[in-house]
Amino acid sequence: MTTRQANSARTAWLIVGGLLAALLLLAGCGSSSDETTAGNELQKLGKGEGEVDLISWGGYVEPAWSKPFEQKTGCKVNNKVAGTSDEMVALMRTGEYDGVSASGNATARLVDGGDVAPVNVSLVPNYKTIFSDLKNQPYNTFDGTHYGIPHGRGANLLMWNSNEVKPAPTSWNVTMDPKIAAKYKGKISQYDDPMSIAEAAVYLKAHEPKLGIENPYELNEEQFEAAVGLLSEQRPYVGEYWSDLTKQISAFAGGDDVVGTTWQYQYFALKAEGKPVAASPASQGFLPSEGATGWSDTWMISSRAKHPNCMYMWMNWIVSPKVNAEVAEVFGEAPAQSLACEHTKNPNFCSEYHADNPGFWKRVYYWETPVSDCGNGESDCKDYNDWVQAWTSIKG
Amino acid sequence: MSRRLATLFHGRPRLQVGALLAGPMAWLVVGYLGSLAVLLVAAFWSVDPLSGELIHSLSLENFETLLNEPVYRDIVGRTVLIAALVTLTDAVIAFPIAFYMAKVASRRGKAILVVAVLIPLWSSYLVKVLSWRTMLSAGGIVNWALAPLGLSGPGFGNTAVWLVMSYLWLPYMILPIFAGLERIPDSLISASEDLGASPLTTFRRVILPLAFPAVVAGSIFTFALTLGDYITPKLVSNNQFIGNVIFNNISTNLPLASALAVVPIVVMIGYLLVARRLGAFEHI
């Protein structure tokens with residue numbers, strides 16, 4: 001090695017050393033974030049601030065209804081589409097947004113983190129006619145305080161290929177019981193999300209009563225291990241874990257998967273393509289015997305909202321009968337607004353999606369954020385980080 | 001003003017170079033290495049389980065999780081193994097093609113082949129992976145073509161990931177080997193022949209040693225690209241790569257994701273050290 005090379009090598013090591021030192025310095029003095037207290041709810045609606053920054057699920061904020069909103073209120077809509085609940089929470093933490101269409105597995109995290117403010121429902125006139133079984137739910141009302149306006153809901157259905165799966169299943173055992181699932185080895189479709197653990201818990205709640213599962217999102221060590229064990233046994237039979245709904249549609253259309261969890265959207269999309277798919281019929285209450293998991297979305301307002309008046313106007317607009325009907329049809333979910341059913345393009349839409357059928361929703365366990373404190377004062381439940389970790393281990 | 005500047009720089013070569021490099025270096029150090037440093041710092045933080053907010057105190061907890069949970073060892077092992085297989089496959093396929101391009105083909109044929117190798121790089125990565133997904137699906141063209149022989153395709157899984165990755169990164173292996181072979185003077189090959197070496201001996205004793213650094217250079221691309229990919233595994237298999245686990249944790253547990261991001265960096269540093277030993281950087 002020449003002296004010149006030796007010199008440049010020394011310089012390189014000096015740079016690396018310097019960077020490491022800077023790194024340690026950075027790590028040591030990282031400031032802790034200030035404690036944000038939940039702001040008080042708005043008392044009186046003022047004039048619009050000219051714009052509103054939203055985070056939403058794809059399909060929730062479309063020009064068809066956001067343009068008329070802009071013309072009516074003068075609030076320009078800036079929308080950011082998020083792909084997962086986790087992403088929504090991360091975006092809300094930045095404080096750059098006025099509101100979010102949060103699912104139940106995000107709401108508690110947002111409230112606990114002080115990222116969202118209570119909502120004064122008297123400033124949202126359309127709240128009155130929202131389906132009553134969506135109000136005062138554990139994922140939108142905390143300690144008796146409203147934290148949002150319900151937007152819409154859906155159930156995670158069991159769908160199967162009617163040519164391949166016979167007899168028609170009436171229970172989740174077709175995907176959850178290893179003996180039966182083995183028949184469809186490599187052709188089971190499972191939602192790629194830690195929330196699938198709750199699906200296993202719904203099954204165990206009905207079939208293993210001695211575990212004593214009440215809420216599939218509040219699982220203690222033993223219950224959690226049982227649900228995770230069930231999914232680990234299911235692993236070799238799974239054809240595909242889907243997170244992108246077009247991926248599931250292509251897997252069912254191409255015959256790669258024949259049975260599994262789906263949303264109403266994919267079921268009706270495949271039906272419309274003339275594919276031989278089926279889901280639980282009306283005689284079974286449209287759900288497998290155990291019931292099912294599902295989601296219910298809520299518009300929440302940021303505790304640091306820069307445009308609170310526009311956000312309130314948006315929350316009222318999105319649940320107004322005509323707009324809520326439009327969103328629900330575009331997205332493929334049941335509207336939250338009871339008056340929306342008169343405005344849907346497809347006259348049977350509300351009955352197809354069971355919007356006005358409270359009996360259907362009684363058997364749906366809406367997504368919640370698993371937290372360690374599940375109400376017995378012992379903090380012995382598995383929290384969401386445990387769920388994420390377990391889901392990684394199940395997939396292997 | 002401009003005259004004064006000119007006077008300032010006149011006869012001061014170090015200042016000239018410094019002024020010229022200040023912009024790019026600032027970008028490299030602040031924008032590129034700086035963000036990497038912040039990411040690595042986060043690997044030592046942790047997350048409050050209830051609110052999900054970051055706790056800015058140093059701990060090795062995340063690295064302990066990585067070592068103690070068998071699933072992470074499996075995932076790292078799978079990622080590295082498939083990256084190695086893809087590299088090997090691409091090297092074996094690329095060498096004859098590159099050799100033909102560099103030493104056998106006519107000038108015109110060479111141009112056509114270079115364009116042919118480059119064309120796949122013009123189309124979107126996602127389109128290529130999704131086409132493979134369609135081809136490998138149960139009702140896809142692979143099964144259809146194999147059916148008369150009584151065979152069926154690999155379906156979705158590790159084999160599919162290996163196939164698709166080998167396809168995707170092949171040009172990155174062909175081009176460096178082609179460049180390396182082109183640099184070998186034809187006279188060396190003639191000399192070897194004149195001295196009575198058989199074609200195999202010429203290949204083994206003359207061409208391969210001279211082209212080997214180019215193969216190693218190409219392998220750095222294929223290995224690193226496979227190591228970092230997470231979309232292909234998601235689209236054509238159920239198996240997780242390091243990148244998938246990082247993606248799944250990035251918004252709920254940034255510190256764990258950062259700790260995982262250290263793994264490919266360490267693997268790559270090891271790989272580059274070996275590559276340097278093998279002489280991959282001697283002609284750069």
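Mentor: In this predicted model, helix axes are lines fitted to C-alpha atoms over the stretch in contact, and angles run from 0 to 180 degrees between N-to-C directions.

Trainee: At what angle do helix H3 and helix H13 of chain B pack?
Mentor: Helix H3 (residues 61-68) of chain B and helix H13 (residues 254-277) of chain B have their axes 9 Å apart, and their crossing is right-handed. With the angle taken between N-to-C directions, the two helices pack at about 65°.

Trainee: How many residues of the contact of H3(B) with H13(B) are nonpolar?
Mentor: H3(B) brings Asn62(B), Phe63(B), Thr65(B) and Leu66(B) to the contact, while H13(B) brings Pro255(B), Leu256(B), Ala259(B) and Leu260(B). Of the residues in this contact, 2 are polar and no residue is charged, and the number of nonpolar residues is 6.

Trainee: Which helix of chain A gives the most residues to the largest nonpolar core?
Mentor: That core has 113 residues, and Ile197(A), Ala200(A), Trp314(A) and Met315(A) are among those with the most contacts inside it. The helix that gives the most to this core covers residues 308-318 of chain A and supplies 8 residues, and it is H11.

Trainee: Between which domains of chain A does this core lie, and why?
Mentor: The domain assignment of chain A gives domain 1 (51-153 + 295-358) and domain 2 (154-294 + 371-395), with C-alpha centres 26 Å apart. Because both give residues to the core, it lies between domain 1 and domain 2.

Trainee: How many residues does domain 1 of chain A give to the contact with domain 2?
Mentor: Domain 2 of chain A gives 9 residues to this contact. On the side of domain 1, helix H4 (104-112) and strand S12 (292-302) of chain A each give two or more residues, and the contact takes from domain 1 a total of 10 residues.

Notes
Residues are numbered from 1 along each chain as its sequence is written. Chains are lettered from A and ligands numbered from 1 in the order in which they are written. This is a predicted model: local features need pLDDT of at least 70, side-chain atom pairs count only at pLDDT 80 or more; totals for chains, interfaces and linings use all residues. A nonpolar core is a set of buried Ala, Val, Leu, Ile, Met, Phe, Trp, Tyr and Cys residues joined through C-beta atoms within 7 Å. A residue is buried if 20 or more other C-beta atoms lie within 10 Å of its own, exposed if 12 or fewer, and partly exposed in between; C-beta atoms are placed from the backbone. Helices (H or I, at least four residues) and strands (E, at least two) are DSSP runs, numbered from the N terminus. Domain bounds come from an automatic or database domain assignment. A crossing is left-handed if the near helix is turned anticlockwise from the far one by less than a right angle, and right-handed if clockwise. Two residues are in contact if their C-beta atoms, placed from the backbone, lie within 7 Å. Ala, Val, Leu, Ile, Met, Phe, Trp, Tyr, Cys and Pro count as nonpolar, Asp, Glu, Lys and Arg as charged, and the others, Gly among them, as polar.
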